[in-house]
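This briefing goes through the enclosed spaces, the open pocket, the nonpolar cores and one buried residue, in that order. Please keep the sequence and the structure at hand while reading.

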Amino acid sequence: MPAALLMLAASIPAPGADDDAAWIFQRLADRSGDSTLEFTETRKSELLSEPLEVSGTLHRDGEGNLVRMTRSPTRETQTLAEDHVEVRRDDGFRRRFSMDRAPELKALRSALIGILEADRNRLAEHFRIHAKRGEADRWCLRFVPDDAALAERVESITVHGRDSRLVRMHVRLADGETIRTKLQPVQ
Amino acid sequence: MKAGLRVGLMLALVVAGIAIVLSRLSLDYRIDAFLPAPESASQAVVTDQLSQGPGGRLIFAAIDGAEGGRLKTASQALAERWRSLDGVERVDNGIPEPDRASMERLMQARFVLIPDIESRLAPARLRQTLRERLSELALAGGRAEEFIRRDPLGLVPEIGERLTGPGGPAAPGDIWLDDDGHRALLVVTSAHPPFDFQAQESLLERLHSTFDALDEARGLQLRLAGAPVISVDSANRSRSDALRLSSLGAGFLLLFLLWAWRSPLLVAAAGLPLAAGVLCGLLATAALFGQVHGLTLAFGFTLLGVALDYPVHLFGHAEGGIRSSASRVRMPMLLGAASTLIAYAAIWLSSSPGLAQLGAFSAAGLAGATATTLLVLPRVGLSPPGERLAAWRLPALSPWVLVALLLLVLAVMATRGADLWSGDLTRLSPVDPELVAAERDMRRMLNAGDARHLLVVTGEDREAVLQATEHAADQLNQAQQAGLLADWQSVVELVPSERTQRRRLDQWPAPEAMRDLLSAAGPSFRPDSFEPFLQDLEDLPEDAPVGPDTWQGTPLAHRVDSLLQPTASGWRSILIPAGMSDPDALAQWLDDQNSPARLVDLKHIAEGMVADYRREIGVSLAVAAGLILGLLWLRLRRPGLVVRVALPPATAVSCTAVVLALGGDGLTIVHLTGLLLVGGIGLDYALFVHTRTRGASEARMTRQAVSICALSTGGVFLILGISEIGMLRMLGLTVACGVLLSFLFAWMTRPPLPRS
């Protein structure tokens, strides 16, 4: 009996958690202006003596893809579509590869598009969402992938924001690596 | 009845013999056996390409019925299943298959397969390359690490991309879609040679059944196109029509002869010489060639049609008993058979193995049929038939009319000359224009070249040919910029010449120097990151490591073999052009540049070969005609009689030839076969009419017999002549028309009866 009560208590969302999520998504929906963001992504690699930094801008295009236009390490346009990633460079280089080969990109794309569109329901289709509101309008959203295959590679995606702005995003991979991205609106 | 039993037994024995021999002999269906032996380098390319070229082995597949993602999954799943099928050499669908063996060899060979080495190692370029590796690391993470260690310059993906099958329309790395994006396209390379109908047919069936059983393809449609599809469809249509019409023809023949003789026994006995002829022909072919070509059987059977007339003559002159008939018909029959044998022997001497076989089969068969008619049938104990055909009269014609007609026709033939002949081989078999259009469409969308034009480079040895090919490839680069062609495939992308390989090996710096270059260009990389690459560089051999053998055991092997071949006089390399705006302009441009590469138009050369071929056969037959005249003179003695005997068949053959040439689109080799048969039959009629009409009763018997021959043969071939299949129709009309004319000419110029 006590165990059942405990489980019952645990399954009821903590008071305020749902409110937090609603408040956060309301804030996100309020974002005005274009949804182009500046980003700087940092990740480690065994091959590199220092963490790798990728910087550029990202936005959604008319077809629902997430487009990253990077300045460094190379000038590229990376289009993240639902099932593939296409890379284009100024010299005419073009290559496409399947999303299946890069599950963390898939998760990142889903999460970012969901957030940029403030579409809670869409995010809930792919992730379990944990929301927490802090002080001074700071907040944190944590996404854990539902899909088992994806969960094997990506442990969670955490997005930190303040008011209507996105501040940073962490993609935690199952093997322990973390991809950190700083975000800010384009000046 | 004793006679009936004997006939039945003999027929059964012969048919059993035929069945046994057929089951032991391997039946061949490859059309290239009927091609003439090549006489020039270009012709050698044509025969090679026709018998095993890659163009004839490509099967194009289109999947439709869904959009985007579903098409893609279906295409991937299908490609995977198809790759595991027997008889499939490779399947391309746009997504390069992660083929272990090929990738490993590419990795080993990368240092000598890549051009422009010095510019790649320039500091600015090296920096950019390593930044691109950083980008790949960012996108693909840990998975990219191992590749980058071994191949920091990205050589293998670059080489792999240049090798990806025919160029696809979409972005590289994605499945091929048609122009509207509604269909997914795949290309299957069959392992079977183009004319192996049976193997191709069974492969096509398996491709379809695999598709039908695929979950991902539920509700979608598959459409196949390409040369194998066209030839299998064509062969099936020919076969079914041929069967239908032969059965009809055989039925007509049986009924007619039954009506004429009112004796099923006689009809059965009449089949004996033909059956014996087939058996003799098969035995001779087996003994001399070891196998039998399917077309030999088909055409051989036709040529033996003259043997159907022999029992008719035998029974026709059998008033006093069949034995006495045999002695009466012996002379004209033997003379006719010997003359026809000479003609068939002329074909036997042809340079194509298929035609030689046909000649041997027909000659042996005819000899067997004649022997059976003269030696076996009289001893069976048959009773002769009564007369059936009502008396009729045909106006008499002076032989000079025939002479005039013959001269007129020969004059027409002389003035028309080459117009008479058609080299268009596509008229011979039924080709579904929809299938042809589908293939052309898919080739265009996939940039697969047009299967008709090739660039050929020849040389004394392999190294010379490879160097010449590299030179040609440089020239093609310029041609490409001038807009003369879009792309091409050549063997030097996989097998560079030894000279080029050595040059490239020299251009790579020593491992220590390379290490310095890399650390200067990519300071963010750890110093030991590229050890595997540097180790490979250290292990490079002194001399050219890549040859055609390098690719054995990988799917790329067949590609190398089809683009680089030894020939009788050295080596040959083939470049496959794609997207040519104007082939003649390219040929001219190459000529102006003194290029080692020659543009070969397969169709053009094939037609030239057929024309040469016809000339060769024409000469043989002309010689045969001379010999026949000589033989006739030897036996008949009187020159006047020889002319009167030779005139009707000669005139009939020439008239038929001209009528069909001018009325149709020109004569083909099938017409020629038919005309040969007409000549043999016509000579027979003429011999009987001019040597066996010495008395009223003999004349009556001859008239009866020859009429039955003409009606039966004419009827059977007229039935064939209604076929939609070009080959059958040509044969049928030629023989029906020729037989009618032979009969008319022979009978209308018969010698007048001696007044008693």
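In the second largest cavity, strand S1 (37-43) and helix H3 of chain A each contribute at least two residues to the lining, and H3(A) accounts for the largest share, with three residues. The model is a predicted one, and the topics below are grouped by the kind of feature concerned.

**Cavities**

- Searching the whole structure yields four cavities of 30 Å³ or more.
- The second largest cavity, with a volume of about 40 Å³, is lined by Glu41(A), Arg43(A), Arg68(A), Glu104(A), Leu105(A), Leu108(A) and Ile179(A), together with Ala138(B).
- By class, the lining of the second largest cavity consists of four nonpolar and four charged residues, with no polar ones.
- The largest cavity holds about 60 Å³ of space, and its lining is made up of Arg515(B), Leu518(B), Ser519(B), Gly522(B), Phe525(B), Arg526(B), Pro527(B), Phe530(B) and Leu534(B).
- Helix H20 (residues 511-521) of chain B provides the largest share of the lining of the largest cavity, namely three residues, while the classes divide into five nonpolar, two polar and two charged.

**Second largest pocket**

- The second largest pocket encloses about 1200 Å³ of space and has a lining of 42 residues, among which Leu621(B), Ala622(B), Ala625(B), Val653(B) and Ser654(B) lie nearest the centre of the pocket.
- In chain B, helix H14 (322-348), helix H16 (399-416), helix H24 (602-636), helix H25 (639-663) and helix H26 (669-691) each supply at least two residues of the lining of the second largest pocket, and the largest share, 14 residues, is that of H24(B).
- As to chemical class, the lining of the second largest pocket comprises 30 nonpolar, nine polar and three charged residues.

**Nonpolar cores**

- The largest nonpolar core contains 100 residues, and those with the most contacts inside it are Leu28(A), Phe143(A), Ile157(A), Leu166(A), Trp508(B), Phe533(B) and Trp551(B).
- To this core helix H3 (residues 103-116) of chain A gives the most, with eight residues.
- Another core, of 82 residues, lies apart from the largest one, and its members include Val21(B), Phe315(B), Ala369(B) and Leu676(B).
- When neighbours within four places in sequence are left aside, Phe533(B) is in contact with Arg110(B), Phe111(B), Arg149(B), Arg150(B), Pro152(B), Leu153(B), Trp508(B), Met514(B) and Leu518(B).

**Ser490(B)**

- Ser490(B) sits in the loop that runs between strand S9 (487-489) and helix H19 (498-507) of chain B.
- Is this loop residue, Ser490(B), buried or exposed? Ser490(B) counts as buried because its relative accessibility is 3%, against a cut-off of under 20%.
- Not counting residues up to four places away in sequence, Ser490(B) touches Thr469(B), Leu563(B), Ile574(B) and Leu575(B).

**Chain A: make-up and confidence**

- Chain A has five helices and 11 strands, and 45% of its 187 residues count as buried.
- Of the contacts in chain A between residues at least 6 apart in sequence, 35% join residues at least 24 apart.
- The mean pLDDT of chain A is 84, with 89% of the residues scoring at least 70.
- Among the elements of chain A, the lowest mean pLDDT, 56, belongs to helix H1 (residues 2-11), whereas strand S4 (residues 76-80) has the highest, 93.

How values were computed:
Residues numbered from 1 in each chain as written. Chains lettered and ligands numbered in written order. Predicted model: local features only at pLDDT ≥ 70, side-chain atom pairs only at ≥ 80, totals over all residues. Heavy atoms only, no water. Helix = DSSP H or I, 4+ residues; strand = E, 2+ residues; numbered from the N terminus. Buried < 20%, exposed > 50% of the residue type's maximum accessible area, 1.4 Å probe, protein only. Contact = heavy atoms within 4.5 Å. 1 Å grid on protein atoms, 1.4 Å probe; cavity = no way out; pocket = protein on both sides within 12 Å on 5 of 7 lines; lining within 4 Å. Points joined across faces, edges and corners; volume = space filled by probe spheres on them. Nonpolar A, V, L, I, M, F, W, Y, C, P; charged D, E, K, R; others polar. Core = buried A, V, L, I, M, F, W, Y, C linked by side-chain atoms within 4.5 Å. pLDDT = per-residue confidence, 0-100.
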